[in-house]
Structure formats: C-alpha cells, structure tokens
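Here are a few worked exercises to go through with the model open beside you. Try each task on your own before reading the solution.

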Amino acid sequence: MSPENPMAFASSKCLGGTLRSALVAAALGAASAIMLAAVVLPGWAENAAPASTVSIDNFTFAPETVTVKAGTTVTWTNKDDIPHGIAWVKNAFAKSKALDTDDSYSFTFTTPGTYQYFCYIHPHMTGNIVVEAATGENTTR
C-alpha cells in the first residue's frame, strides 16, 4: 500500500474490516453452538429412555445376553431373510408377531430378573435379558 494509490489503501482497509467481521461472527457462532450443546444435550440425555437392541441374523440373537437397568426398552430387529418370533420361556411378556426382514419388536423391562427368551418359529434360537435393579438384585424369570 502506497500513498500514491489511495484506492489500494481503501480497498485493503475494507477487506481487513470484512475479514475481521467474518472472524467475529464465526467466533460468536462457535460459542453459541458450545453453549447450546452444554445446555440442551444433557436435558435430552436425561429425558431419553434407555434402550438396547438385539439383532436377529443368521438364526442367532446378537448379543445372546443383554444386561439392562429396569425401565429399559429392548428392541429386537430381524435381519434374516425369513421370519422369526420372540417369546419368553415363562410367558413374562406377550410374544411378538412373526417378524419379517427389518421388522422390529420392542418390550420395556420394568422388573429385575433374568428373562430367557427364544424364537417360537425356530426354538433352538435362544437369548437372555438380564434386568438389573438399582440394588443389583436379580432373580431368574
């Protein structure tokens, strides 16, 4: 920038101001995002019900045993090309309808204990849901 070219000087001042404004806006946006995440996300996490998933694939439940806290919803999703169904060994919860590929069945476990289940179409397929209470006591259901 030379005093001989006043337009170059004015142009560089304008560019510097624009750049400074952009940096300030970016900093304020980042700060707002951090504050929003710090305030909103923990609230969502507190309000979200715990959940767990079981995949049905290749004639197996995966994982075979799931351990959850009372109040957790467990969802089984059929990834096989043939139907499967979920039933409890001692009828603790209603059995699912036959699940076609990508169908799901969910159940919320409220009582601590070990729940043994199986596929009522293919009884050799078995699994367990272990529901823990706050005190950690469990019984077999």
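**Exercise 1. Pairing in a sheet**

Find the residue in β6 that is the bridge partner of Val 74, then place β6 in its sheet.

*Solution.* Keep in mind that this is a predicted model.

Step 1. Val 74 has Phe 107 as its bridge partner in β6.

Step 2. Moving from residues to strands, β4 and β6 pair in the antiparallel sense, over 6 bridges.

Step 3. These strands belong to an open sheet of 4 strands, ordered β2-β1-β4-β6, and the pairing is mixed. The edges are held by β2 (60–62) and β6; each has a single partner strand, so one side of each is left without a neighbour in the sheet. From one strand to the next, the twist averages 20°.

**Exercise 2. The overall layout**

Describe the pattern of helices and strands along the sequence, and state what share of the residues counts as buried.

*Solution.*

Step 1. The protein contains 1 helix and 8 strands. Along the sequence they follow the pattern α-β-β-β-β-β-β-β-β.

Step 2. There are 141 residues, and 26% of them count as buried. The accessible surface is about 8900 Å², with 62% of that belonging to carbon and sulfur atoms.

Step 3. Now take the contacts between residues at least 6 apart in sequence: 52% of these join residues at least 24 apart.

**Exercise 3. The nonpolar core**

Which residues have the most contacts inside the largest nonpolar core, and which elements give two or more residues to this core?

*Solution.*

Step 1. A general tendency is a helpful start: in soluble globular proteins, nonpolar side chains tend to be buried together.

Step 2. Here the largest nonpolar core has 19 residues, and those with the most contacts inside it are Phe 61, Trp 76, Ile 86, Phe 93, Phe 109, Tyr 117 and Ile 129.

Step 3. Two or more residues each come from β1 (51–57), β3, β4, β5, β6, β7 (113–119) and β8. The largest share, 3 residues, is given by β7.

Step 4. Strand β7 also holds Gln 116, which is partly exposed at a relative accessible area of 32%. The C-alpha atoms of Gln 116 and Ala 92 are 9.4 Å apart, and the two residues are 24 apart along the chain.

**Exercise 4. Salt bridges**

How many salt bridges does a search of the whole structure find? For each pair, give the distance and say how exposed the residues are.

*Solution.*

Step 1. The search finds 3 salt bridges.

Step 2. In one of them, Glu 132 joins Lys 69, with the closest N and O atoms 3.2 Å apart. Glu 132 is in strand β8 (residues 126–132) and Lys 69 in strand β3 (residues 65–69), so the pair ties together parts 63 residues apart in sequence. Glu 132 is partly exposed at 26% relative accessible area, and Lys 69 is partly exposed at 47%.

Step 3. Lys 79 pairs with Asp 102, where the closest N and O atoms are 3.4 Å apart. Lys 79 lies in the loop between β4 (72–78) and β5 (86–88), and Asp 102 in the loop between β5 and β6 (104–109), so this pair ties together parts 23 residues apart in sequence. Lys 79 is partly exposed, at 42%. For Asp 102 the value is 51%, and exposed means over 50%, so Asp 102 counts as exposed.

Step 4. Lys 97 forms a salt bridge with Asp 103, the closest N and O atoms being 3.1 Å apart. Lys 97 is exposed at 53%, whereas Asp 103 is partly exposed at 23%.

Note on methods. Residues are numbered from 1 along each chain as its sequence is written. This is a predicted model: local features need pLDDT of at least 70, side-chain atom pairs count only at pLDDT 80 or more; totals for chains, interfaces and linings use all residues. Side-chain values use heavy atoms; hydrogens and water are left out. A salt bridge is a side-chain nitrogen of Lys or Arg within 4 Å of a carboxyl oxygen of Asp or Glu. Buried means under 20% relative accessible area, exposed over 50%, partly exposed in between (1.4 Å probe, protein chains only). A nonpolar core is a set of buried Ala, Val, Leu, Ile, Met, Phe, Trp, Tyr and Cys residues joined through side-chain atoms within 4.5 Å. Two strands pair if DSSP finds at least two bridges between them. Axes are lines fitted to C-alpha atoms, for helices over the stretch in contact, and angles run from 0 to 180 degrees between N-to-C directions. Contact means heavy atoms within 4.5 Å. Accessible areas come from the Shrake-Rupley method with a 1.4 Å probe; for residues, only the protein chains shown count as cover.
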